[in-house]
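Work through the exercises below with the sequence and the 3D structure open beside you. Try each task before reading its solution.

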Amino acid sequence: VWVSEFTKVNGIEDYISNPVILDGKAYVSQSGYDETTGTWTPGIWVIDLSTGEASKLEGYTPSAGPEGYEDVYVSINSLSAAADGGFWVSESINATRFNLPEGFNEETDDRYQYAESFTTSTLRHLDATGAELSSIDLTAAQESAQANSDASSDMYGGSIYLSSFGSDAEGNIGLLYNQSIVVMLSSTGEVLYSGYQEGWWDRFVTLPDGSLAMSGSGNTGYVLRPLDFSAKGFGDDVELPNGAYNIYPGGGEYTVSYIDSSYVYGFKAETGEAVQLASLINCDVNEENINALALTDDGGILCLLFSYDDNSAEIARIVQKDASEVPQTKTLRLACNYLSQDLRRRVLDFNRSNSGVRIEVVDYSQYATEDDYSAGVTKLNTEIISGNVPDIFVSDQLPIEQYGAKGLLYDLYTLIDADGELSRESFIPNILKAMESDGKLYSIASSFGIMSLVGNADVVGEEMGWTLQEMMDVINAHPEVQYVLDPGTTKAAILQTMLALNLNEYVDWATGECSFNSQDFIDMLDFLKIFPEEFTYDDPGTGPYELMSDGRQLLLQYDLRDFVDYQTCIVSTKGEAVFKGYPTAEGVGNVLSYADSPLCISTACKAPEEAWRFISSLLDEDSDEIEYFSGLPINARAYDAAEAEAMKRDTYKDDETGEEKEWPKGSAGWGDYSVDFYAMTREEADGLRSLIDATGRAVAYDQNIMNIINEEIQTFMNGTKTAEQTASLIQDRVSLYVNEQR
């Protein structure tokens, strides 16, 4: 099994950048403020990867500015390993010279009117102590890159920046400008090649044989493109696996390594084989904090981690051990098709708390392909239906109603009712109700959003909710409207949305009954006729709120995720916005969406109480303090606290009038249109609570049913069959499928 050993880095107290791992050490750059000169000065630090001790390289001195110039600022752009055990540093030097005329008065005249700027870039070859061995002025390289930029009508308007560089075993250097222009230099700085490369190129990587390659998107996909300095060109592209975008150096039998879906992979260029190595999250490593990664000679993985939360660094050494050597703990398997930042952090916190229970994550997004991004969801669903059920899983994109009817899911109400700290009253009542299925709570999320259709009150009426017929009446009453919904909305897009909002109305997994031949579904199919078949880009020249205010757009599809979203909508429409909702048979169509990962516990779970202990840690009243928290908290006390924060005024005193004024909380705008919004008012807060109170259902997904509908609806889309005929065919096929699966 793969396990991690962590070593804290001592001696560094600020953020680090440009890491390079070399001979058991990591070299990083850091800028420090010089109190004497009042300027920021770059420094290079070395970290002993076996002890974690860090020290500043006293042998390194930043480049000096040109003689006669002031305000000299030197910055380190990046570091790269050199073949001789030293390393290269890329520096930018900016300075200013003031050509002041005779009689210049410092008190009344502006010296910057006579300023002359100086900018240059250099590569410096340093030894392990930081002392300079040689240097290369990059002026000629940059001029050659500039010529290629001008010739290729570069997207940056001709400006040049160095995006990556690297060197090979012979000391030759590759420079990448603007992610697309490659310049090759000899070890002495002679320009060997300069040319534009079609595509988007990310970085250089030195391969185990000492050659240099760059990774990026070429004409045939994401590839490694070797640099051939002797031929002043390139070798054959090496196609990289799907998901191999985050490239790191290789080692041993692997050409390069990469991270995908929280797994580290080794890639063998000769065979095209990708070998899955360690799961970072299951080794307690937060991949968001990885500053550098290297494969070690003993088959392990070395990570330099840096946390921006507290400016701390640590080293993770990931190695394989026999399972008998690792202390046995109770393990719960958590399956997902994508691991959110917040859920990743909470899993890591839980596992590193040493509680005797570990959460082991299996991210099925690793099975997605370029041709089928839903392959991971399909595989997870197939495994669950066939009996390979995880202890905990993220339920979005999965047919929860079906699982519940088959008895695969734990009713979370039984765990909430037995909880000593949380109860049903701890949560916003109707949001909890919206998450139910037949009175049982199979899935819960820490935060939520609301999907709705928004219109102006004088057009759609002041009350929430309408049926499809009532919506059509409004549409027919306004033939002058250019857009019913957002520009570019297609038949397929609105069908997907309407089914996600109403699927539980058409399928009852408990009884096996379906109602796709109902008049309600037939009317929905006919409703699709007003939308185009294909997406066509149409730039209306202004934003959605202006389109609604001037009568060119009838309704806005809105996915509200937080207090700012609500305020933006209300303020931008001058208070005229009504969250009418999507049309439904019962007339109320504001729908709950999940702002963070909804979680289920399976009835096959080995320790449901322990699984609930993990899930409940996401639901406490402090959950809104998580840095990456998004959405509206489901916890009632957390919601109250977040609302109070949104209503807090930030004021200042006007120096001229002495009047107390309020700083805006933010602004929203499109093109020339812009509007500021301030602390939420009590009226706005009550309006949002009313919207939440009017939200009584949640989105639902079933990819298999969607596939059936998409197949049968094609003949309706091209006019071959009527809505009634199509609905009848869908009814037959879905009914057969549902009853086969029960």
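The exercises that follow deal with a predicted model and cover helix packing, salt bridges and nonpolar cores.

**Exercise 1. Two packed helices**

Task: Describe how helix H12 and helix H15 are placed relative to each other, and state which residues meet.

Solution:
Step 1. Two packed helices are described by the angle between their axes and the distance between the axes.
Step 2. Locate the helices: H12 covers residues 563-572 and H15 covers residues 682-693. Their axes come within 11 Å and cross at roughly 110°.
Step 3. Angles of 65 to 115 degrees count as roughly perpendicular. H12 and H15 are therefore roughly perpendicular to each other.
Step 4. On the H12 side, the contact is made by Phe-563, Tyr-566, Gln-567, Ile-570 and Val-571. On the H15 side, Glu-684, Gly-687, Leu-688 and Leu-691 take part.
Step 5. Sorted by class, this contact between H12 and H15 has 6 nonpolar, 2 polar and 1 charged residues.

**Exercise 2. Salt bridges and exposure**

Task: For the salt bridge of Glu-314 with Arg-352 and that of Arg-733 with Glu-712, find where the partners sit and decide whether each partner is buried, partly exposed or exposed.

Solution:
Step 1. The model has 34 salt bridges in its count.
Step 2. Glu-314 and Arg-352 are joined through their side chains, with 3.7 Å from N to O. This pair links distant parts of the chain, since Glu-314 is in strand S25 (residues 312-320) and Arg-352 is in the loop between helix H2 (341-351) and strand S27 (357-363), 38 residues apart.
Step 3. Buried means under 20% relative accessible area, and exposed means over 50%. Glu-314 has 23% relative accessibility, so Glu-314 counts as partly exposed. Arg-352, at 40%, also counts as partly exposed.
Step 4. In the other pair, the side chains of Arg-733 and Glu-712 form a salt bridge at 3.0 Å, N to O. Arg-733 lies in helix H18 (residues 723-741) and Glu-712 in helix H16 (residues 703-712), 21 residues apart, and this pair too links distant parts of the chain.
Step 5. Arg-733 has a relative accessible area of 33% and is therefore partly exposed. Glu-712 has 16%, so Glu-712 is buried.

**Exercise 3. A covered helix**

Task: How many residues of H2 are buried, and what do the buried residues pack against?

Solution:
Step 1. Of the 11 residues in H2, 9 are buried, and the helix is mostly covered.
Step 2. Among the buried residues are Leu-343, Val-347, Leu-348 and Phe-350, as well as Arg-344 and Arg-345.
Step 3. The buried residues of H2 pack against strand S26 (330-336), S27, strand S28 (392-394), strand S35 (599-601) and helix H13 (608-617).
Step 4. Arg-344 and Arg-345 also belong to a network of salt bridges that links them with Glu-287, Glu-288 and Asp-309.

**Exercise 4. Nonpolar cores**

Task: Which residues have the most contacts inside the largest nonpolar core, and what is Val-507 in contact with?

Solution:
Step 1. In soluble globular proteins, nonpolar side chains tend to be buried together.
Step 2. The largest nonpolar core has 116 residues, and those with the most contacts inside it are Val-507, Phe-516, Phe-614, Leu-688 and Ile-705.
Step 3. Helix H9 (residues 491-506) provides the largest share of this core, 7 residues.
Step 4. Leaving aside neighbours within four places in sequence, Val-507 is in contact with Glu-513, Cys-514, Phe-516, Ile-705, Val-734 and Val-738.
Step 5. Another core, of 28 residues, lies apart from the largest one and includes Leu-224, Leu-240, Ala-244 and Tyr-364.

How values were computed: Residues are numbered from 1 along each chain as its sequence is written. This is a predicted model: local features need pLDDT of at least 70, side-chain atom pairs count only at pLDDT 80 or more; totals for chains, interfaces and linings use all residues. Side-chain values use heavy atoms; hydrogens and water are left out. Axes are lines fitted to C-alpha atoms, for helices over the stretch in contact, and angles run from 0 to 180 degrees between N-to-C directions. Helices (H or I, at least four residues) and strands (E, at least two) are DSSP runs, numbered from the N terminus. Angles under 35 degrees count as roughly parallel, over 145 as roughly antiparallel, 65 to 115 as roughly perpendicular and the rest as oblique. Contact means heavy atoms within 4.5 Å. Ala, Val, Leu, Ile, Met, Phe, Trp, Tyr, Cys and Pro count as nonpolar, Asp, Glu, Lys and Arg as charged, and the others, Gly among them, as polar. A salt bridge is a side-chain nitrogen of Lys or Arg within 4 Å of a carboxyl oxygen of Asp or Glu. Buried means under 20% relative accessible area, exposed over 50%, partly exposed in between (1.4 Å probe, protein chains only). A nonpolar core is a set of buried Ala, Val, Leu, Ile, Met, Phe, Trp, Tyr and Cys residues joined through side-chain atoms within 4.5 Å.
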